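Visitor: I'm new to this one, so could you walk me through it slowly?
Guide: Gladly; here it is, and we can begin with a term that will come up often.

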Amino acid sequence: MRRSVIFVSVAAFAVGTSATAEVEVGDWRAEGELEIGGRTTSGDDEEAKFLEYRDFDEGAVGAFRFSLWEPGERRHWRGDGVNLGYDDQRYRLEGGRYGLYSIDLFYRELPHVFSTDARSLYSGGRDGSYRLPNGVQGRIAGAASASNQLAAELGAAGPTDLELRWIETGGGAELNLHETVRLYGSYRLQDKRGERAGAIAWGTPGGNFAAFAERVDEQIHEARAGAEWLWGRGTVSLEYLGSFYENDQRPAVVDNPLVAVDAAGAASRGRLAPAPSNSAHSLALSGSSPLPFGIPARAVASLVYGLRLQDERFLPHTVNGAIASPGLALPQSDLDGKVETWLGTVAVDADPLPGVDLDLRYRIYRYDNQSDEILFPQHVTGDTSLANSSLRSVANDYTVQKLGAEVGVDLAKPLRAAVGYSAEHWHRSDDRQVRDLWEHGPTAKLDYRMSSSTSLLATYAFRTR
């Protein structure tokens, strides 16, 4: 594949008469640059890989940059933008007052082209329903050769888009209340809309499946806020992070090209559940401080609490109208999913003697799944067959702890040796095959620094599980 892109541009400075010119605006000074031009292309402009993450539509192109500041650079603003008006345009604005506050805003787009020559028999999708043209299922089911008839129907399929438009925007701010206190916060939005290849299968492995252009309409909101406090030679920080996933896409109901009428063991349609909307929250407290041991020593510790929630409503077992059973009634309408996590870390670094350092590490992570454990007396496989065996959702829990210690010694200026010992323990819930697991053993290292940019490291480790 060959393709050429021709750019013709003219640069003009928005203020001043040359690239280095500055102008005064009251108590401020300003500088800027504007680039405008045109673009044309030749060759295969439908090559999907070439266009995968770029917009090369022909027409006018432009970019800008500006700076605005006070003498002494106390207050300032800077901004820029590229690919103005195209699907890969990007803009940014930042400013503030040095040592007091700052603000950063951004907006950017990213196209994601999966294919420029995809075709599909399916239409619709906005309401979650992906339909075949009238008569297609009947013609394939009644044909002497279903595969030949399907190939003929696919040959007449129309084009379909397979691309996403990914928009990301947000900003952040920082405020220094004092030389020892800093507050900060930020917000970011990721928005994806478009179509990508999806697939659905009917029955157990060995059944038929179909690919279709699945609509995408999802957003991720991320909010962060925190504070830092400098306390002598120590620090303390508190931070909140929240992530919110919203999926506005409806469940996909897709026609089966090889079956025209619902029956036990065969389905004319299938249904797929979209990824459920959910949220995750974390609150982290951390700090560091020198230790009063009479030797250079410092400790760092953190404690993080996490909460994950998901309460999307369950879909019915199947859309196959020929499958009915009293046992297919849902035992409850949603998962009522809730998971709590705890993460604690402690690290101590000390230099008890010249050329000798001691490192101690401890980490504990607790995954506490408080979601409902639900018993489904019956279930349906691939919208085709009823299974009378029961299924139970299991809320797994576990706790993992890691402990390590290492002593390093400078044997000579280019040679360093270290010995250590580490241990790891897993404790899982009763539903797991292995409830308790220990793994521990020593480690030895030899590091030879040949130069400032080259070193040789030899490591030996022994573990008992």
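Guide: Buried means under 20% relative accessible area, exposed means over 50%, and partly exposed lies in between, using a 1.4 Å probe and protein chains only. This is a predicted model, in which local features need pLDDT of at least 70 and side-chain atom pairs count only at pLDDT 80 or more, while totals for chains, interfaces and linings use all residues. Residues are numbered from 1 along each chain as its sequence is written, and side-chain values use heavy atoms, with hydrogens and water left out.

Visitor: Okay, so is Ile103 buried, exposed or partly exposed?
Guide: Ile103 counts as partly exposed because its relative accessibility is 32%. Ile103 sits in strand β7, residues 101-115, where strands (E, at least two residues) are DSSP runs numbered from the N terminus.

Visitor: And how far apart in space are Ile103 and Ser186?
Guide: From C-alpha to C-alpha they are 9.6 Å apart, although 83 residues separate them in sequence.

Visitor: Switching topic, how many salt bridges are there?
Guide: The count comes to 26 salt bridges, each being a side-chain nitrogen of Lys or Arg within 4 Å of a carboxyl oxygen of Asp or Glu.

Visitor: Which residue does Asp357 pair with?
Guide: Asp357 forms a salt bridge with Arg416, and their closest N and O atoms are 2.1 Å apart. The pair links distant parts of the chain, with Asp357 in strand β21 (356-369) and Arg416 in strand β27 (415-428), 59 residues apart. Asp357 is buried at 16% relative accessible area, whereas Arg416 is partly exposed at 27%.

Visitor: What about Lys445, which partner does that one have?
Guide: Lys445 forms a salt bridge with Glu406, the closest N and O atoms being 3.4 Å apart. Lys445 lies in strand β28 (436-449) and Glu406 in strand β26 (398-412), so this pair ties together parts that are 39 residues apart in sequence.

Visitor: Which residues are joined into one network by salt bridges that share partners?
Guide: Arg108, Glu168, Arg188, Glu222, Arg224 and Glu239 are joined in that way.

Visitor: Now, what does Asp334 do for a salt bridge?
Guide: Asp334 is buried yet has no salt bridge, and the nearest side chain of opposite charge, that of Arg313, is 5.1 Å away; in this count Lys and Arg are positive and Asp and Glu negative, with His and the chain ends not counted. Asp334 is found in the loop between β19 (297-310) and β20 (337-353).

Visitor: Any odd backbone angles? What is the phi of Asn83?
Guide: Asn83 has a positive phi of about 55° although it is not a glycine, and its place is in the loop between β5 (75-82) and β6 (90-97). As background, most residues other than glycine have a negative phi. Asp383 also has a positive phi, about 60°, without being a glycine, and Asp383 lies in the loop between β23 and β24 (385-387). Asn83 counts as partly exposed at 23% relative accessibility, whereas Asp383 is buried at 9%.

Note on methods
Helices (H or I, at least four residues) and strands (E, at least two) are DSSP runs, numbered from the N terminus.
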